[in-house]
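Student: I am new to this structure and would be grateful for a close look at one part of it. Please concentrate on the aromatic rings and their surroundings.

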Amino acid sequence: MTSTLAERVFAGDARAIARAISLIEDESPAGAGLVRDIYPRTGRAYVIGVTGPPGAGKSTLVDRMTAEIRKAGQTVGIVAVDPTSPFSGGAILGDRVRMGAHFGDEGVFIRSMATRGHLGGLARATSDVALVLDAAGKDIVMIETVGVGQDEVDIVRTADISIVVLVPGTGDEVQALKAGIMEIADIFVVNKADRDGADRLAQSVSAMLALAEPRRGGADPSGPRWQPPILRTEATTGTGVPELIDAIASFRAHSEGARVTRQRARQEYRLRDLLSHRFMQMVEEALPEGELQRIVDGIAERKVDPYSAASAIVKTVRSPNPSRAVLDHVGIAVQDIDKALAFYRDALGLDIEDPENVASQRVRAHFIPVGESSIELLEATASDSAIAKYVEKRGPGIHHITLRVDDIRAVLARLKARGVRLVDEEPRPGAEGSLVAFIHPSAAHGVLVELKQKGS
Ligand SMILES: Nc1nc2c(ncn2[C@@H]2O[C@H](COP(=O)(O)OP(=O)(O)O)[C@@H](O)[C@H]2O)c(=O)[nH]1
Ligand SMILES: [Mg+2]
């Protein structure tokens, strides 16, 4: 394949769009890479958020709106966030049915996402999917969510326009008020206007609006105010939908100047959300396995309060990782150190430090600095030294590697906790006040690993 996934997304290739969305849903690094690739080509689509209680007729309405938008020649991408969907991938029945209406229309792309299973947050996944549809050249991107949770409200809040769909006779307006979706509405839709109570619902929404703070909304706060209209629709027949499309166009014209501000809010939300997600990842990486749960236990048992626990965790994350290791040196067992020097010093031209005699180990050693690390040439000075035995058994070659760590005891504790076989359970004194400990080669995939903590 010659073109990249991003290029195929730019070309509007439906299979590439589907694949891209799957990458994002899987929260794979490839998904992040894709967003990076497409991001410069986004920001063109007009994003319409549609929210409201389950069963309000959002999907039916979005479907009708899509038909209208298509009549006007514009292309549409739809992300439906559906809490009733047990899995993601756009294969839920309702959407198959819905897709039927636009089947074979290349100008429409519909995708469902489950609300569960998004470790990184639903709002993030949804806005990334919206980016894909934007990059794919869709003129209009519609995001349908159930306005029940903060997550869902957040998704819609940052769209270019937010439409709140209510239904007569269900006490929706009270529910919606609780969920905080009244404040985000740029347009109210009273759907199922064929039912009794549509007028009453429209009136109570209107009364609420009269009580509410004058509209700030997506519109320019300094510009003329936008009075959210209350429209009636019958999504099943399409009645009122052209008027809804007109109202969207009016809002779009009204708020064009404020669109940048609103997009900026969306971007800031994304950045903050990503940062908190990343921070949680850092927390999980910094803490030993199961530690977070143990801390929660401690809070539950009143042994520690949540503020102190949070502070302690932040401290852990900020302090350097005790296991952060630098390759200190590679030890090479040689038969004849002078012959070895003829290669490293004379042939390669490396600088050689003065020799060291480590009597306790019965070796002669030469350190050759190479950048941050060194090569240590080791020659046995007695036939019973470990190096002599090594050379006798395996011939000359790499004998060990030494990793320099900040806190050798913490690293040993971690290794012990995981049942790693150690030569030294406790660190012992090494050269220049350092502490050293060896890990058994059987645990380190055939390499003798020495840990070293520098003397202070
Ligand atoms: N009577 C009536 N039923 C509607 C209307 N709009 C949608 N419905 C029905 O309400 C049910 C829920 O619609 P759906 O679009 O799936 O709602 P959603 O959960 O908000 O997406 C479906 O059976 C629709 O056919 C309407 O305007 N009038
Ligand atoms: Mg729906």
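Tutor: In this predicted model, a suitable place to begin is Phe 251, which is buried because its relative accessible area is 1%, under the 20% limit. Phe 251 belongs to helix α10, which covers residues 241-255. Its ring is paired with that of Trp 226: the two centres are 5.0 Å apart and the planes meet at 80°, so the arrangement is edge-to-face, given that angles over 60 degrees count as such. Trp 226 is located in the loop between α9 (198-211) and β7 (230-232). The two partners are 25 residues apart, and their pair thus links distant parts of the chain. Trp 226 also counts as buried, with a relative accessibility of 11%.

The structure holds 2 aromatic pairs. Besides the pair just described, Phe 343 and Tyr 344 form an edge-to-face pair, with 4.8 Å from centre to centre and 75° between the planes. Here the burial of the partners can be stated in turn. Tyr 344 has a relative accessibility of 15% and counts as buried, whereas Phe 343, at 44%, counts as partly exposed, because this value lies between the limits of 20% and 50%.

A further ring deserves attention for a charged neighbour. Arg 41 lies over the face of Phe 10, at 3.9 Å from the ring centre.

To return to the starting point, Phe 251 and Trp 226 are both buried, and their rings meet edge-to-face.

How values were computed:
Residues numbered from 1 in each chain as written. Chains lettered and ligands numbered in written order. Predicted model: local features only at pLDDT ≥ 70, side-chain atom pairs only at ≥ 80, totals over all residues. Heavy atoms only, no water. Phe/Tyr/Trp six-rings, centres within 6.5 Å; stacked < 30°, edge-to-face > 60°. Helix = DSSP H or I, 4+ residues; strand = E, 2+ residues; numbered from the N terminus. Buried < 20%, exposed > 50% of the residue type's maximum accessible area, 1.4 Å probe, protein only. Lys NZ or Arg CZ within 6 Å of the ring centre and 35° of its normal.
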